[in-house]
Amino acid sequence: MDRLDNTIRPYAWGSTTAIPKLLGIEPTGEPQAEMWMGAHPGAPSRTGRGTLVEVIEADPERELGATAVAKFGPRLPFLLKILAAGAPLSLQVHPNLAQAKEGYEDEERRGIPVDAGHRNYKDANHKPELICALTEFDGLCGFRDPLRAADLLDGLGVDSLKPYVDLLHAHPEDAALREVLTAILSADPDDMAHTVTEAAAACSRLGGDYAAYADIAHHYPGDPGVIAAMLLNYVRLQPGEALFLGAGIPHAYLNGLGVEIMANSDNVLRCGLTPKHVDVPELLRIVRFEAGDAGVLRPEAAPDGEEVYETPIDEFRLSRYVLPEGTTAHDLTRATPQILLCTAGTVRAGEHELTPGRSVFVPAGEKAEVSGAGTVFRATVVA
């Protein structure tokens, strides 16, 4: 197995302290938002044999296993991250596989450069993802019941929100949610900025259930995404709890440290809380206007102490082992590629000693035993 040297991405929304604290190093004073573990060409992990991209390209079947290559192609189909949000991320959705292929091919035909700011589809893949909290972790996930959203907006006492409140009482609920989100994102920018300013002041005054939206508005003053965010379920994850974000589910991460895993894709359509391009018609085509709860996941016990976060996705499988002092070694050998990440304590993986934030890549079929006292996350595929 290979010890990984991973890149930390300095996105503006990142915490300045959470990742350094996990790694046991001094903060730089700059945001440190995500640490990437995998073979994404934008920031591949480095090994003693070269980058993980180079290692896999040299012998895909040796590194990934014949079954995984046959199913996903000669590339690692997932990207593992440590994510540290110090400010809200953009409100966004991801396409399903068919939508991604269609959108990518359409933009290729139209000759839109892949790095263009108004391009929606960077590749032809879907981007389901799972976030597992390491600390308390705040987020928005999926539409709340329209009547509850109406009550939340109505409670602000902002006259310009009254039409949205009335629309949310309409039936059927999917049409009501679609009409309101369309109206929010299509409103006159100056009028909406004034509405958001009034709503933000009311959120700050009221506190309680409104406190999260006051914080969002502080980071994104005048952004229509502040109002759109109030249509969604607010959730606070406790350490070990997780959210699965499937295609078409609007979501945003607000604050906290977590382990994130996703299919290896860059396809994002934004709804707000961003200075970046928002393609309203395409967004409305992708969003699933279905109300429901956020669907908090807790790990399910599997043999040998493994705790699995069950999802309907084959490109990734995330689990963890919480190893008490004095535990015997666990054999994690598997016929698919793995990344093992320590998040607490000290864990030995093969010949490598892992402390929090350190990780290894395990080729398919390679002997993999872990021992020690700590927590290790295991990322692999279903093949």
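This report walks through the largest pocket and the pairing around one strand, S21, in a predicted model.

## The largest pocket

Let's start with the open space. The largest pocket holds about 980 Å³, and 40 residues line it. If you want to find its middle, look for Tyr11, Trp13, Val268, Arg270 and Lys276, the lining residues that lie nearest the centre.

What's the chemistry of the lining like? Sorted by class, it has 18 nonpolar residues, twelve charged ones and ten polar ones.

## Strands in the lining

Which strand gives the most to the lining of the largest pocket? That's S12, with five residues. S12 covers 251-263, and it is one of four strands that each supply at least two lining residues. The others are S3 (34-38), S6 (78-85) and S13 (269-272).

## Who pairs with S21

Now over to strand S21, which spans residues 369-380. Three pairings are worth tracing here, with S16, S17 and S18.

Take S18 to begin with: residues 338-349 run antiparallel to S21, and ten bridges join the two. To spot the register, find isoleucine 339, which sits opposite alanine 379 of S21. S16, made of residues 317-323, is also antiparallel to S21, with seven bridges between them. Here arginine 317 has threonine 380 of S21 as its bridge partner.

Then there's S17, just residues 330-331, joined to S21 by two bridges and again antiparallel. Where does aspartate 331 point you on S21? Its opposite number there is glutamate 369.

Technical notes
Residues are numbered from 1 along each chain as its sequence is written. This is a predicted model: local features need pLDDT of at least 70, side-chain atom pairs count only at pLDDT 80 or more; totals for chains, interfaces and linings use all residues. Side-chain values use heavy atoms; hydrogens and water are left out. On a 1 Å grid over the protein atoms alone, a cavity is a set of points where a 1.4 Å probe fits but cannot get out, and a pocket is an open set with protein on both sides within 12 Å along at least five of seven lines; lining residues have an atom within 4 Å of a point. Grid points are joined across faces, edges and corners, and a volume is the space filled by probe spheres set on the points. Ala, Val, Leu, Ile, Met, Phe, Trp, Tyr, Cys and Pro count as nonpolar, Asp, Glu, Lys and Arg as charged, and the others, Gly among them, as polar. Two strands pair if DSSP finds at least two bridges between them.
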